[in-house]
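Biologist: Let's go through this one together. I'll ask how you know things, and you show me the reasoning.

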Amino acid sequence: MSATQILLLAIAGIGSLAILSIISIAWRRGTDPPGIKTQDSAAVRQDLAAEDKADEDDSVTAYDVAELVSVDSAPTDPLVDRQEVDAETMGVTRRQFFNRGLLGVFGLFLAQFGIASLAFLWPRLKSGGFGSKVNVGKIEDLRIAALTADGRARPVFVSAAQAYVVPVQGSLDGSSFEGLPVVAGGMMALWQRCVHLGCRVPECESSQGFECPCHGSKYNFHGEYEDGPAPRNLDRFVVSLNDADELIIDTGDVIETARASFKTIEYPQGPSCI
Ligand code: FES
């Protein structure tokens with residue numbers, strides 16, 4: 001099961017738990033004794049006063065009627081006679097219940113939004129996918145695939161890596177790439193994304209380069225900047241060979257290089273495509 005699937009399951013689980021909690025609270029409120037559910041402080045005070053009155057009526061005798069009348073008719077002090085009602089006796093009011101419910105739903109929404117954002121931004125670390133190391137296969141097979149029938153070099157597009165694998169032509173000494181881990185088995189892996197604004201850059205077979213249809217940036221066969229608004233060379237990935245002589249493209253390790261001070265390959269070698 002992938003990380004995305006696990007996150008989606010987690011979101012669904014959290015959402016279900018929250019809904020169950022809200023339903024549970026609502027059900028509990030619905031089954032409370034009616035006396036508690038609808039009581040407010042004034043009603044509770046009235047009930048308690050009525051009970052006290054009834055008790056006093058039961059114990060009254062013929063001898064203290066006059067005294068009782070005088071006591072009952074005396075003005076009461078609300079500060080002295082006030083009955084304190086605790087929260088448990090009061091219960092949760094309808095307004096409090098809805099406020100808490102709304103807060104719960106809002107909190108649930110925020111939690112789901114946060115988890116979904118994390119899931120979107122989390123790097124895809126699944127082996128073999130973009131963002132991780134991609135095994136492109138035997139280097140010998142790549143060398144064959146990177147040759148046309150008439151013996152010219154051509155890029156091999158690897159969709160899993162979003163990269164063109166190009167055979168290095170000549171020497172890279174003194175270039176922007178010298179000393180960088182961007183060549184393995186005589187191959188480089190150029191990211192297909194234009195460094196100007198991110199369009200996909202197609203190869204141009206006739207000019208032997210890469211030409212961006214969005215704003216006209218042009219790069220030679222090694223991905224060196226040639227023309228247009230692009231600020232640097234095409235980005236490239238770190239590459240290596242494993243023990244089985246297979247080319248590994250590390251798409252999680254991108255190398256940027258400045259516009260080349262001199263070009264390592266001629267461009268264009270024919271008509272441009274744009
Ligand atoms: S995105 Fe390629 S030139 Fe602008």
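**Strands, sheet and cavity**

Modeller: To start, this is a predicted model. Strand β9 (residues 236-241) and strand β10 (residues 246-255) run antiparallel, with six bridges joining them.

Biologist: What makes β9 and β10 a pair?

Modeller: Pairing takes at least two bridges between the strands. β9 and β10 have six, so they count as a pair. One example is leucine 241, whose bridge partner in β10 is leucine 247. Four residues sit between the strands of this hairpin, and aspartate 245 takes a positive phi near 60° there.

Biologist: How do you know that β6 and strand β7 (residues 218-220) pair?

Modeller: Three bridges link β6 and β7 in the antiparallel sense. The cut-off is at least two bridges, so β6 and β7 pair. Phenylalanine 210 stands opposite tyrosine 219 in β7.

Biologist: And why is the β5-β6-β7-β8 sheet called open?

Modeller: Its four strands pair antiparallel in that order. β5 and β8 (225-227) are the edges, each with a single partner strand, so one side of each has no neighbour in the sheet.

Biologist: What makes Cys204 and Gly209 count as nonpolar or polar in the lining of the largest cavity?

Modeller: Both line that cavity, along with residues including Pro155 and Phe221. Cys counts as nonpolar and Gly as polar, so Cys204 goes with the nonpolar residues and Gly209 with the polar ones. The lining divides into four nonpolar, two polar and two charged residues. β5 (203-204) and β6 (209-211) each supply at least two of the lining residues. The volume is about 30 Å³.

Definitions and conventions:
Residues numbered from 1 in each chain as written. Predicted model: local features only at pLDDT ≥ 70, side-chain atom pairs only at ≥ 80, totals over all residues. Heavy atoms only, no water. 1 Å grid on protein atoms, 1.4 Å probe; cavity = no way out; pocket = protein on both sides within 12 Å on 5 of 7 lines; lining within 4 Å. Points joined across faces, edges and corners; volume = space filled by probe spheres on them.
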